[in-house]
Amino acid sequence: MLPSQALLPAVLLALAALQALASDTFIAAVYEHAVILPDATEEPVPPSQALALMNKNMDVLEGAVKEAARQGAHIIVTPEDGIYGWRFTRESIYPYLEDIPDPAVNWIPCTDPSRFGPASVQERLSCMARNNSIYVVANIGDKKPCDSSDPDCPKDGRYQYNTDVVFDTQGKLVARYHKYNLFRGETQFNYPKEPEAVTFETPFGKFGIFTCFDILFYEPAVVLVSKMQVDTVLFPTAWMNVLPFLTAVEFHSAWAMGMGVNLLSANTHNTSMAMTGDGLFTPEGPATYHYDSATEEGRLLLAELNAHPRLSPTYPPAISWSLYATSIKEFPGENDTFSGAVRKDVFTFSELRHKDGSYTVCQGDLCCHLVYQMSNKSQDEVYVLGAFDGLHGSVIKYHLQICTLLKCPSTDLSTCGQPVETAQTKFEMFSLSGTFGTSYVFPEVLYSGVQLAPGEFEVLRDGRLKSKHGTSKPLITATLFGRLYEKDQPHPLQISQ
């Protein structure tokens with residue numbers, strides 16, 4: 001036998017082993033955590049007291065990690081703020097922070113905890129991953145010293161970052177992400193000097209990661225999906241639900257569908273702050289999700305997901321979001337309009353006065369078209385077609401284009417746009433479209449009781465959001481939520497520079 005022939009069986013065996021390691025599917029888990037919060041204080045507590053609180057939260061998270069691993073999960077995502085909560089000033093959060101190194105250092109905190117100084121939290125997270133053979137994703141705080149040689153160095157001599165970390169099945173730190181789009185109350189943290197596009201490879205696909213408010217912006221969210229071509233996004237969040245368009249399960253499911261990736265969304269749970277709603281979302285819709293505004297309990301979710309959704313035969317086709325709407329020369333229907341506010345955004349609304357009909361509403365460069373038929377219109381319920389084309393937000397302003405079929409809280413038209421969670425009216429059909437100036441549009445359908453509608457609607461390739469066979473439950477809203485990134489105002493870091 002020739003030497004090359006002798007090697008052939010070994011090569012084939014090695015290839016077979018690699019193929020066995022790679023998987024077409026994987027089991028993912030997310031945990032919605034009812035965070036144990038610190039006492040509100042402007043003064044730093046002793047490090048031992050900070051660690052004691054974090055260990056209480058990590059006791060709960062470790063239970064979820066063990067249970068997820070027992071059920072066969074390959075990866076678990078835990079929430080933003082899930083280890084120390086919030087209620088911090090820049091000074092009072094400092095005892096909760098650790099120095100988190102670049103993953104390139106090839107570090108397993110579980111086996112070498114003192115390599116980079118005190119790292120009790122990283123050590124414990126690493127051991128959770130290692131001892132349970134599961135990827136663990138968590139949100140903690142990073143601190144980085146600086147001095148006068150850095151003209152941007154804060155006066156207290158350190159940078160503080162809202163940070164996600166990922167540990168692999170051996171407990172090795174494989175990813176670190178610093179949140180780039182801080183929400184308006186996160187004054188305890190700094191912006192990283194540049195937006196980070198963090199990815200890492202696993203036997204079950206290419207992963208990217210970002211945090212909460214980041215999902216609404218081009219960097220890092222669109223960059224990871226469109227340029228880095230990740231299969232799955234890890235998403236620790238502390239999401240405060242805002243009806244009618246920005247409840248956690250509603251928008252996160254729509255984002256996964258609009259971007260064509262898996263989204264592993266883990267939320268904090270705090271009903272007094274309207275924080276609830278997590279799930280495992282795919283390009284075809286939610287694999288599983290949870291929304292609970294009635295109790296104070298955490299929740300573990302698991303589902304089997306496609307490791308490479310773009311290769312799936314059921315992967316949704318590319319959508320030309322304005323094709324149908326821009327082809328309409330004259331859209332018949334009643335067009336009396338009025339203004340109404342969704343929070344601080346002034347929409348143009350038109351009331352749906354009949355059980356069926358067709359309507360057009362325009363604002364700015366956006367025209368929204370609706371064809372509908374109600375099956376059991378309640379006499380004390382009012383629905384409107386609405387359009388919004390403009391900037392939204394406070395600290396960071398971003399441009400939205402929204403077409404929405406929306407239930408009003410009462411028959412008083414001045415209430416249209418205010419939050420409402422319940423409805424009685426079902427629809428035989430609806431078809432919603434708009435003249436969007438962007439290819440980034442996210443389709444939402446929300447039923448009474450803040451329930452999603454998996455499998456009950458579709459988006460046609462010409463940009464129409466349509467019901468398939470009517471609505472099985474009363475409708476709160478059907479929405480096309482568009483993001484016109486190129487019209488956003490500059491990031492606060494760019495303004496400060």
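This passage describes the packing of two helices and the internal cavities of a predicted model.

Residues are numbered from 1 along each chain as its sequence is written, and side-chain values use heavy atoms, with hydrogens and water left out. Because the model is predicted, local features need pLDDT of at least 70 and side-chain atom pairs count only at pLDDT 80 or more, whereas totals for chains, interfaces and linings use all residues.

Helix H2 (residues 47–70) and helix H3 (residues 120–132), which are DSSP runs of H or I with at least four residues, numbered from the N terminus, have axes that come within 10 Å and cross at roughly 15°. The axes are lines fitted to C-alpha atoms over the stretch in contact, with angles running from 0 to 180 degrees between N-to-C directions. H2 and H3 are therefore roughly parallel to each other, a term for angles under 35 degrees. In their contact (heavy atoms within 4.5 Å), Leu51, Met54 and Met58 are among the residues of H2 that meet residues of H3, including Val121, Leu125 and Met128.

A cavity is defined on a 1 Å grid over the protein atoms alone, as a set of points where a 1.4 Å probe fits but cannot get out. By this rule there are three cavities of 30 Å³ or more, and the largest has a volume of about 90 Å³, a volume being the space filled by probe spheres set on the grid points, which are joined across faces, edges and corners. The largest cavity is lined by 13 residues, of which Phe245, Leu246, Val342, Asp345 and His392 lie nearest its centre; lining residues have an atom within 4 Å of a point.

Methods: Helix = DSSP H or I, 4+ residues; strand = E, 2+ residues; numbered from the N terminus. Parallel < 35°, antiparallel > 145°, perpendicular 65-115°, else oblique. 1 Å grid on protein atoms, 1.4 Å probe; cavity = no way out; pocket = protein on both sides within 12 Å on 5 of 7 lines; lining within 4 Å.
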